[in-house]
Amino acid sequence: MATFLFKLGRLSFRRRRYVALLWVLLLGGIGYASSAAPAPPADSFSMPGTDSQKAFDLLDERFPAASAEGATARVVIRAPEGEKITDPAAKAEVNQLVAALGKGPQVAGVADPYKAHAVSKDGTTAYASVTYKVISTELTDKTHDALTDATDKTRAEGFTVETGGDAVQAEQEMGGSAELIGIAVSAVVLVITFGSLIAAGLPLLTAIIGVGIGVSGIAALGSVLNLSGTTSTLAMMIGLAVGIDYALFIVSRYRAEIAEGREPEEAAGRATGTAGSAVVFAGLTVIVALAGLSVVNIPMLTKMGFAAAATVAIAVLIALTMIPALLGFAGKRALRRKDRKNLRSRADSKDSKDSKDSKDWGLTKPGATHSTTDAEKTKPNLGTRWARLVLRRPVTVLLIGVLGLGAVAVPATSLELGLPDEGTSAPDTTQRKAYDLLSESFGAGFNGPLMVTVDTGGTKDAAAAAKTVGTSLAKVDGVAAVTPASVNPAGDTAIITVVPTTGPSDHKTEELVKTIRSEVSGLEADTKSDVLVTGQTAMTIDFSQTLDDALLPYLGLVVGLAFLLLMLVFRSVLVPLKAALGFLLSVAAALGAVVAVFQWGWLADIVGVDQPGPIMSMMPIFMIGVVFGLAMDYEVFLVTRMREAYVHGARPAEAVVTGFKHGGRVVGAAAVIMTSVFSGFIMENDDMIKMMGFGLAIAVFFDAFVVRMAIVPAVLALLGKSAWWLPRWLDKLLPNMDVEGEKLHKSLTPSSSPAAEDEHEDRDNDEDRELQPVRG
């Protein structure tokens, strides 16, 4: 593989104008196609096989006019202080509000609070339920404006009016500034790392082009493949992350090759052949992790996973072709000005020395072929010093790392999954205010009612069957109220609303749903009907359970396939095993930190958590997918350089130092960039986004700086040569992908002059005399 990528890198370097033009034209063409394509379909959330999904499908069929998935809004009205909502004047004002709401665009109907018994016992508060003909993402601006105008008019009369439900337009305070902050931080870190604006700009430019192609492609194919607008969310996040990482790795290796005295074209080829091989396998592990989301059996997540995987594949192709092409334009300007001067000085010094040696031929002492260079006197870089420190105290470093992450992971044992509701919204939002008003006046369960469907299978006995079911459910502990049944025109299906005594995110509500589902089997036999529990709360519970059940199979699939890929890369059994165990440790620690902050409330004020509660159901799955990809990036790039040095004759300890000398700074910079990018989302007002940002940021930090930078070298130091052990039968069975470039090294060595070959061998065998890579 290394030889093929070496040729690809040199070809891209030579034909840089055509390669760059090809990618730019591709971006423009896909961008145009996306602008001309039909609007992407709205989000279609479904969970095949669950009770709640079966009930929703039944309601769509039997109650087509009601549109079970249509958007809803609950307008909560509280009378002025000292007055009752049932007073004649207040009642007239509420009726005007109901009439105004009913005239809004796309409205299917409005429930009169006085007829629907939606008035609190103390007579101070009422709520009107508004249903729409379409789902929330299809509501127009006119519809949102009509809802706002109607409530503002009533509010102006002295009433407290707040609105909740998915029909309410969420406030976007940051307006995408989190992404801009992430890009800005990335630019600063890249400039500091490389010390060159040109070198810093290459990863950003190629990452943006890759993400642009990926997201535009999703938009262009949205209507054909039924990809909603939110499908691109994960693709943008992971595409930007790996795009910067992959380009950063290759550019860094190119600068190191230039620093060793190679010409730009050969340096680009070698960088693509060596670091590019690591990029290919790192990309494959990310693709496996994202495509593995299909095992969850939730179509929305499956589409998001495959779309993001395609974006990663584009990032890999851009890194292997466009980066060498852009390096062809940059040449040695990718180095710092100071380093370019040093190269020229070394070249002049070498020319002068060669001239003197030609005059004094035969007068030098045997073996005195080299003079001490500035590079040999240079102080070892931070990566080298850190690696040597770990090698001196491997057991201490290993124990501190493992025990530290283990302690942080302890809270994860009490992990509770759920989905954020309006009760976790910011206190100043109308959704949160409406939620609190309903809880105060009607009870917490009114914010999460359950919908029970009764299907008599074609007979017209639904009303009688529903009455029997409702009477029985009213006696169940945890049920606050059961409303009269609504029957469809055919008389074969009925809907009963069950109001719990606890809120939608309360663990007792989940237990109530399980209790009802366990008791309906007897009711089904008595009423000869099918009874299903659905509604937003039941859907949330089923969603969390589905993800919980899929977590271990997903983890096993991702780690298992990645283990095989890493075995191909490193030709070892223990190195992939160590990589997988380290990843599990960092993810467990990150989940523990998330539970401590967002579920237990530790440091809640600092992070900005308004109300602790269950952890978002998608959090573990997304964290595993995204962090696994980034973790394997760092693992492959760092350890591949160690493997390369080991294959070329370095001792195990020397190989570890070499890996950190050339890769430590780059991996550290990549981790700082990603941690900063994800941390930017902590400033969002939405708790779900805040939680995702915090979890991903802390997970990348733990994995990069504790696992990869500390635990990995400590384990390799303790294992020694055993780290690279592979059974002979397995060695013969596995194809040799030559990721470390051994075949490439052998094929290029004969073309060098004997003096150059001796000099190269000296650099490989004596790390203290290696030219220190450019600070980057």
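The exercises below work through salt bridges, a charged patch and some loop residues of a predicted model.

Residues are numbered from 1 along each chain as its sequence is written, and side-chain values use heavy atoms, with hydrogens and water left out. Because the model is predicted, local features need pLDDT of at least 70 and side-chain atom pairs count only at pLDDT 80 or more, while totals for chains, interfaces and linings use all residues.

**Exercise 1. State how many salt bridges the model has, and place the pair D51 and R517.**

Step 1. Apply the criterion: a side-chain nitrogen of Lys or Arg within 4 Å of a carboxyl oxygen of Asp or Glu. The count is 22 salt bridges.

Step 2. Check the pair. The N to O distance between the side chains of D51 and R517 is 3.9 Å, and they form a salt bridge.

Step 3. Locate both ends, with helices (H or I, at least four residues) and strands (E, at least two) taken as DSSP runs numbered from the N terminus. D51 belongs to helix α3 (residues 51–62) and R517 to helix α18 (residues 507–527), so the bridge ties together parts 466 residues apart in sequence.

Step 4. Classify the accessibility, where buried means under 20% relative accessible area, exposed over 50% and partly exposed in between (1.4 Å probe, protein chains only). D51 has 28% and is partly exposed; R517, with 22%, is partly exposed.

**Exercise 2. Describe the salt bridges R62 with D455 and D731 with R571.**

Step 1. For R62 and D455, the closest N and O atoms are 2.9 Å apart. R62 is in helix α3 and D455 in strand β6 (residues 450–455), a separation of 393 residues. Both R62 and D455 are buried.

Step 2. For D731 and R571, the closest N and O atoms are 2.6 Å apart. D731 sits in helix α25 (residues 728–733), and R571 in the loop between α19 (536–570) and α20 (574–599), 160 residues apart. D731 is partly exposed at 36% relative accessible area, whereas R571 is buried at 8%.

Step 3. Look for shared partners. R253, E257, E260, R262, R641 and E644 are joined into one network by salt bridges that share partners.

**Exercise 3. Identify the residues of a positive surface patch and characterise K341.**

Step 1. Set the rule: patch residues have over 30% relative accessible area and no salt bridge, and like charges are joined within 9 Å. Lys and Arg count as positive, with the charge placed at NZ of Lys or CZ of Arg. Areas come from the Shrake-Rupley method with a 1.4 Å probe.

Step 2. The patch consists of K332, R337, K341 and R344.

Step 3. K341 lies in helix α12 (residues 337–359) and is partly exposed, at 46% relative accessible area.

**Exercise 4. Characterise the loop residues S529, N297 and L603.**

Step 1. S529 is in the loop between α18 and β10 (530–534) and is buried at 4%. Its side chain makes a polar contact of 2.6 Å with that of T527 (a pair of N or O atoms within 3.5 Å, one able to donate a hydrogen and the other to accept it).

Step 2. N297, in the loop between α10 (264–291) and α11 (299–330), has a positive phi near 65 degrees and is not glycine. N297 is partly exposed at 45%.

Step 3. L603, in the loop between α20 and α21 (604–607), is also not a glycine and has a positive phi of about 55 degrees. L603 is exposed at 55%.

Definitions and conventions. Patches are made of residues with over 30% relative accessible area and no salt bridge: like charges are joined within 9 Å, nonpolar side chains (Val, Leu, Ile, Met, Phe, Trp, Tyr) within 5 Å.
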